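Trainee: Could you take me closely through one part of this structure, the helix in the middle of the chain and the charged residues worth a look beside or beyond it? I would like one connected account.

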Amino acid sequence: MLPEKPLAWGRARSCIRELAEYGWKRKEELGAENVFDFSLGNPSIPAPDSVNQTIAELLQGDSVALHGYTTAAGLMSLRQRIAGDLNERFDVDVRPERIYVTCGAAAGLAVSLRATLLPGDEVVALAPFFPEYRVFVEASGGNLVTVQPRMGDFQLDVEAFAAALTEKTRAVIINSPNNPSGVVLNSESLLGLTGALRRHEEEVGHPVYLICDEPYRELVYDGAEVPCVFSYYDDTILCYSFSKSMSIPGERIGYLAVGSHMTDGDAVYASIMGAARSLGYVNPPSLFQRVVERCLGQTVDVSKYQENRDLLLSGLREAGYECVEPQGAFYLFVKSPEEDAKSFSERAKKYELLLVPSDDFGTPGYVRIAYCVSRDMILRSMPAFRALMAEYRS
Ligand code: PLP
């Protein structure tokens with residue numbers, strides 16, 4: 001006998017992975033240049049030069065200290081730099097003692113949920129959402145409740161959100177810029193959301209935690225700004241990652257920050273330390289704690305992603321596709337020309353176009369296009385997109 005849930009999660013086929021595997025097979029058969037693989041969100045821009053230089057410098061130093069364990073919460077010098085950076089940029093007052101360095105945003109989310117949920121609690125996620133939320137929530141004994149966005153601009157539907165809150169709601173997860181839509185939640189949405197949450201907290205008499213998943217915070221276009229949620233709501237846990245901002249997703253480094261004014265912040269932070277222990281996170285990679293400390297504030301050249309977004313958005317709109325306007329991240333969310341996005345994605349394969357159907361993201365009827373690819377591939381894929389749309393028009 002094995003536990004039912006881990007077995008089910010392990011056996012479930014992620015449609016992103018499945019499509020990516022299909023893509024690798026097709027590339028072997030046809031040559032990589034003949035497959036338009038938009039399936040995976042793996043950064044395509046190299047890390048800033050300073051990242052590799054810093055690694056090389058660090059390797060010249062004391063190897064025993066470099067590769068040794070650090071404190072579980074991460075080096076205090078790094079936590080101080082992170083707090084200083086957040087406070088300076090967003091005029092907030094994050095404290096280093098409330099920062100916990102994690103193996104990416106994924107670990108930050110898993111730990112935050114494990115630390116705050118009681119069995120049977122509900123966690124509201126705004127759809128469309130990163131499919132792993134469901135696993136993280138269920139593994140912590142909770143149930144995921146989803147709320148659809150306002151169709152059109154994909155901002156918050158305040159009424160639908162307020163209606164989803166119940167006595168059992170313990171946490172809400174938001175992700176901005178969003179995977180898979182690229183939408184940045186504007187301050188009107190955040191005001192609506194945090195206003196409803198404050199009213200709900202008063203009604204039910206316990207804190208409702210707002211977990212902000214922000215691995216794409218630095219990837220924004222046309223001067224878009226990502227508001228810092230600490231300025232809106234005290235009971236916030238911020239989950240950040242350097243995976244995308246520095247193009248180092250395989251190195252597993254990020255952090256979470258518990259709001260300085262959170263109602264029961266000391267207890268929540270203690271519970272986070274306990275949750276991380278229970279999940280076996282001793283500390284995130286020691287080398288990369290030092291790398292991000294020295295390189296904090298440096299990001300990849302975002303203009304490359306913006307060029308890709310502009311090219312794809314204008315090309316697809318011209319070809320007749322309806323797209324959600326993305327202000328950040330590196331995804332485009334495109335309405336399927338037929339109701340069933342899975343069937344559209346299957347049809348796209350005929351043209352060697354690999355587009356992820358949106359069902360697992362909680363908002364059916366769309367496909368996700370990850371444009372962290374070469375500009376050249378986007379240009380070469382355009383005739384295929386046009387031919388695919390022509391099928392629906394004839
Ligand atoms: N959250 C979202 C919305 C993501 O898209 C991803 C990764 O793609 C993650 C979390 C996990 O990121 P990390 O590599 O920092 O664990």
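Mentor: Helices and strands here are DSSP runs numbered from the N terminus, a helix having at least four residues and a strand at least two. Please keep in mind throughout that the model is predicted.

Let us begin with helix α6, which covers residues 104–116. At 1.5 Å a residue, its 13 residues should span 18 Å, and because its end C-alpha atoms are 19 Å apart, the expected and modelled values agree. The helix is mostly covered, with eleven of its 13 residues buried, and among these buried residues are G104, A107, L109, V111, L113 and T116.

In the loop between α6 and β3 (122–126) we find D121, which counts as buried because its relative accessibility is 6%, the cut-off for buried being under 20%. The side chain of D121 makes a polar contact with the side chain of R170 at 2.7 Å, and a polar atom of the D121 side chain also lies 2.7 Å from the backbone nitrogen of L118. Leaving aside residues up to four places away in sequence, D121 touches T116, G141, G142, N143, K168 and R170; T116, as it happens, is one of the buried residues of α6.

A useful second case is R79, in helix α5 (residues 76–90). R79 is buried yet has no salt bridge, and the nearest side chain of opposite charge, that of E97, is 6.8 Å away. What the side chain of R79 does have is a polar atom 3.1 Å from the backbone oxygen of G74, and the residues that R79 touches, not counting those up to four places away in sequence, include T71, G74, P96, E97 and Y269.

D340 gives a third setting, in the loop between β9 (331–335) and α13 (341–349). With 39% relative accessibility, D340 counts as partly exposed, and its side chain reaches the backbone nitrogen of K342 at 2.9 Å. D340 and R393 are 53 residues apart in sequence, and their C-alpha atoms are 17 Å apart in space.

As for the nonpolar interior, the largest core has 51 residues, and F161 and I174 are those with the most contacts inside it. Beyond residues up to four places away in sequence, F161 touches V124, L126, V147, L156, V172, L193, A196 and L197. Apart from that core lies another, of 38 residues, among them Y321, C323, A341 and L353.

How values were computed:
Residues are numbered from 1 along each chain as its sequence is written. This is a predicted model: local features need pLDDT of at least 70, side-chain atom pairs count only at pLDDT 80 or more; totals for chains, interfaces and linings use all residues. Side-chain values use heavy atoms; hydrogens and water are left out. The expected span of a helix is 1.5 Å times one less than its number of residues. Buried means under 20% relative accessible area, exposed over 50%, partly exposed in between (1.4 Å probe, protein chains only). A nonpolar core is a set of buried Ala, Val, Leu, Ile, Met, Phe, Trp, Tyr and Cys residues joined through side-chain atoms within 4.5 Å. Contact means heavy atoms within 4.5 Å. Lys and Arg count as positive and Asp and Glu as negative; His and the chain ends are not counted. A salt bridge is a side-chain nitrogen of Lys or Arg within 4 Å of a carboxyl oxygen of Asp or Glu. A polar contact is a pair of N or O atoms within 3.5 Å; within protein, one must be able to donate a hydrogen and the other to accept it, and residues adjacent in sequence count only if both atoms are side-chain atoms.
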